[in-house]
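Colleague: Please take me through this model one point at a time, and show me how each answer is reached.

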Amino acid sequence: KWNRKTFNRIEQEKNRADHLLSVIYPEVVVKELKTTHEVRPRRHEDVAVLFLDIVGFTSYCRHRTPEEVVNLLHRVFCVFEDI
């Protein structure tokens with residue numbers, strides 16, 4: 001049954017998803033994604049791509065919350081950015 005509590009929970013989850021999008025993507029990408037439900041490919045200059053395999057990552061994730069995993073990945077990303 002739909003009630004105010006259900007709608008509030010949906011709104012909270014929407015806000016959380018919006019926040020995550022804004023942390024991951026530039027504002028222009030978030031706006032385009034929300035408007036068109038897709039993002040056009042773009043050319044970017046001076047871009048580096050890093051692929052890495054974190055040893056034990058799968059087992060680490062099994063015992064952590066999604067927030068802990070994202071925080072770890074953020075810290076790893078920041079260290080590589082500093083380097």
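Colleague: In which helix do R16 and E13 both lie?

Modeller: Helices here are DSSP runs of H or I with at least four residues, strands are runs of E with at least two, and both are numbered from the N terminus. An α-helix has 3.6 residues a turn, so residues three or four places apart point the same way. R16 and E13 are three residues apart, about one turn, and the helix that holds both is α1.

Colleague: Before going on, what kind of model is this, and what pLDDT do side-chain atom pairs need?

Modeller: Residues are numbered from 1 along each chain as its sequence is written, and side-chain values use heavy atoms, with hydrogens and water left out. This is a predicted model, in which totals for chains, interfaces and linings use all residues, local features need pLDDT of at least 70, and side-chain atom pairs count only at pLDDT 80 or more.

Colleague: How far does helix α1 reach from its first C-alpha to its last?

Modeller: The expected span of a helix is 1.5 Å times one less than its number of residues. Helix α1 covers residues 4-24, which is 21 residues, and its reach is close to the expected value; from first C-alpha to last, the distance is 30 Å.

Colleague: At the start of α1, which backbone nitrogen does a side-chain oxygen of N3 reach?

Modeller: A polar contact is a pair of N or O atoms within 3.5 Å; within protein, one must be able to donate a hydrogen and the other to accept it, while residues adjacent in sequence count only if both atoms are side-chain atoms. The side-chain oxygen of N3 comes to within 3.0 Å of its partner, which is the backbone nitrogen of K5.

Colleague: With which residue does E13 form a salt bridge in which the closest N and O atoms are 3.0 Å apart?

Modeller: Side chains of opposite charge can pair when their charged atoms come close. A salt bridge is counted when a side-chain nitrogen of Lys or Arg lies within 4 Å of a carboxyl oxygen of Asp or Glu, and the structure holds eight of them. E13 also meets R16 in a salt bridge at 3.8 Å, N to O. The partner at 3.0 Å, which lies in helix α1 four residues from E13, about one turn of the helix, is R9.

Colleague: Which residue in helix α4 is linked to R16, 51 residues apart?

Modeller: R16 forms a salt bridge with E67, the closest N and O atoms being 2.8 Å apart. The pair links distant parts of the chain, with R16 in helix α1 and its partner in helix α4 (residues 66-82). The network of salt bridges therefore takes in R9, E13 and R16, and, as the residue asked for, E67.

Colleague: Is R16 buried, partly exposed or exposed?

Modeller: Buried means under 20% relative accessible area, exposed over 50%, and partly exposed in between (1.4 Å probe, protein chains only). Of its bridge partners, E13 has a relative accessible area of 33% and E67 has 41%. R16 has 40%, so its class is partly exposed.

Colleague: How many disulfides does the rule give?

Modeller: A disulfide is a covalent bond between the sulfur atoms of two cysteines. The rule asks for a pair of cysteine sulfur atoms within 2.5 Å. The sulfur of C61 is 18 Å from the closest cysteine sulfur, in C78, which is too far for a bond. The count is therefore, with C78 likewise finding its closest cysteine sulfur in C61 at 18 Å, zero.

Colleague: Is E32, in helix α2, buried or exposed?

Modeller: The place of E32 is in helix α2, and its C-alpha atom is separated by 26 Å from that of E81, 49 residues apart along the chain. At 13% relative accessibility, E32 counts as buried.

Colleague: What is the phi of D46?

Modeller: D46 is found in the loop between α2 and α3, and it is exposed, with a relative accessible area of 83%. H37 is found in the loop between α2 and α3 and has a positive phi of about 65° although it is not a glycine. D46, which is not a glycine, has a positive phi of about 55°.
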